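Q: Please take a close look at one buried position in this model, and then connect it to the packing of helices, the pairing of strands and a loop position elsewhere in the chain. A formal, residue-level account would be welcome.

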Amino acid sequence: MDVAEPAVGLLAAARSGDEAAFGALLAPHRRALHLHCYRMLGSLDEAEEALQETMVRAWRGLHTYAGRAPLRHWLHRIATTTCLKAIERRGRAPATVAEVGHLQPYPDRWLDELDPAVVVERREAVALAFVAALQLLPATQRAVVLLREVLCWSAAEVADYLGSSVPAVNSALQRGRATLRAHAAPRQRALTSYEQEIVRRFVHSWEHRDLGALAALLREDAILRMPPEPLEVVGRAAVTEFFATVPAEGRLDRIRLVETAANRQPALAAYLPDTTGACHGYGVMVLTIEPAGVAEIIGFADADVFDRFGLPRVAPMSRRAARDL
């Protein structure tokens, strides 16, 4: 039986009806399963629902686990099936990335919970552009890409799971790769130090309402999106004009930005002050930074994401904003 020795007793206890043992048995796999559901569905809310359903199905079907494959493999089969059913209930798939209205960011602090000995995380496999592009794939094709490319299942294993053939799986993988290449170019290299400098300059330019300096940080073909709205602002000039007129009616200096991280990308939480001196969180911007500058900004105007990022919903007003009241 391919279960770690300390878990053998938990498995036996869980099969006898011990719910606490079942919880302990699955605890090491929960975050990896949640991330898999998030990749499949693109939504934290739906991923949480899918994870809960996966746990229920695993509990009810634990007697069918024969131990011929690792427990995590068996659990991912259940999670994938759960997500495929959820995708089917959605109906029509989005045709463009701008239509992926259910997209939500994934907090880096949750990614840090993953056991590197079990799940090998590649940065591009959690990038927002990758997750958004996955949503354009037909459901089964999406599953094939994730099972083969991210979870590293063999073509034979995927074919067995789908009740298909190896040639059909390989064909689906090739088509999926082509779509992903068209909508989510792979990152060339880790830009950690460079990203930190760009983010620092972005915040400084924003807080000083220096639109020229802010524009200089953007790529000429920079894109701004704000799910769930099908908004897509394209080009440095257009994005700069948006910042000059829309957030706080262009008073960027009134908005406090706090650095955070999502999908292994730099992100900024935005707080807007009221007349009492309190700053209320209203959204998170996730930045895609490439050698030529900021390539994409995806804004999520959702106060609920602050809890998930471990950020306070209310923060002190910046000194600069306070002076302007």
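A: V131 counts as buried, because its relative accessibility is 0%, and a residue is called buried when that value is under 20%. The model is a predicted one, and every value given here is computed from it. V131 has its place in helix α7, which covers residues 128-134. Leaving aside neighbours within four places in sequence, V131 is in contact with Y38, R39, G42, L103, V126 and N263. One of these partners, G42, is 89 residues apart from V131 along the chain, yet 6.0 Å separates the C-alpha atoms of the two.

Two of the partners of V131, Y38 and R39, fall within the range of helix α3, residues 30-41. Helix α3 is itself packed against helix α5 (residues 71-90): the two axes come within 10 Å and cross at roughly 30°. That angle makes α3 roughly parallel to α5, since angles under 35 degrees are counted in that way. The crossing of α3 and α5 is right-handed. On the α3 side, A32, L33, H36, C37, M40 and L41 take part, and they meet L75, H76, A79, T80, C83, L84, A86, I87 and R90 of α5. Sorted by class, the residues of this contact comprise 11 nonpolar, three polar and one charged.

Two further helix pairs show other geometries. The axes of helix α2 (residues 19-26) and helix α4 (residues 44-61) come within 12 Å, with a crossing of roughly 120°. The arrangement of α2 relative to α4 is therefore oblique. This crossing, too, is right-handed. Here E19, F22 and L26 from α2 meet M55, A58 and W59 from α4. Five of the residues in the contact of α2 with α4 are nonpolar, none is polar and one is charged.

For helix α8 (residues 139-150) and helix α10 (residues 166-183), the axes come within 9 Å and cross at roughly 95°. Helix α8 is thus roughly perpendicular to α10. From α8, the contact draws on Q141, V144, V145, R148 and E149, while α10 contributes V169, N170, A172, L173, R175, G176, R177, T179 and L180. The class count for α8 with α10 is six nonpolar, four polar and four charged residues.

Farther along the chain, the account turns to strands. Strand β1 (residues 218-225) pairs in the parallel sense with strand β6 (residues 293-300), over four bridges. Within that pairing, R225 stands opposite I298 in β6. Strand β1 is also joined to strand β2 (residues 232-234) by three bridges, and these two strands run antiparallel. L224 stands opposite V233 in β2. The connection from β1 to β2 is a hairpin of six residues.

Beyond β6, the loop leading to α14 (305-308) contains D302. Whereas V131 is buried at 0% relative accessibility, D302 is partly exposed, as its relative accessible area is 24%. Not counting residues up to four places away in sequence, D302 touches Q104, Y282 and G283. The C-alpha atoms of D302 and L287 are separated by 16 Å, and the two residues lie 15 residues apart along the chain.

How values were computed:
Residues are numbered from 1 along each chain as its sequence is written. This is a predicted model: local features need pLDDT of at least 70, side-chain atom pairs count only at pLDDT 80 or more; totals for chains, interfaces and linings use all residues. Side-chain values use heavy atoms; hydrogens and water are left out. Axes are lines fitted to C-alpha atoms, for helices over the stretch in contact, and angles run from 0 to 180 degrees between N-to-C directions. Angles under 35 degrees count as roughly parallel, over 145 as roughly antiparallel, 65 to 115 as roughly perpendicular and the rest as oblique. A crossing is left-handed if the near helix is turned anticlockwise from the far one by less than a right angle, and right-handed if clockwise. Contact means heavy atoms within 4.5 Å. Ala, Val, Leu, Ile, Met, Phe, Trp, Tyr, Cys and Pro count as nonpolar, Asp, Glu, Lys and Arg as charged, and the others, Gly among them, as polar. Two strands pair if DSSP finds at least two bridges between them. Buried means under 20% relative accessible area, exposed over 50%, partly exposed in between (1.4 Å probe, protein chains only).
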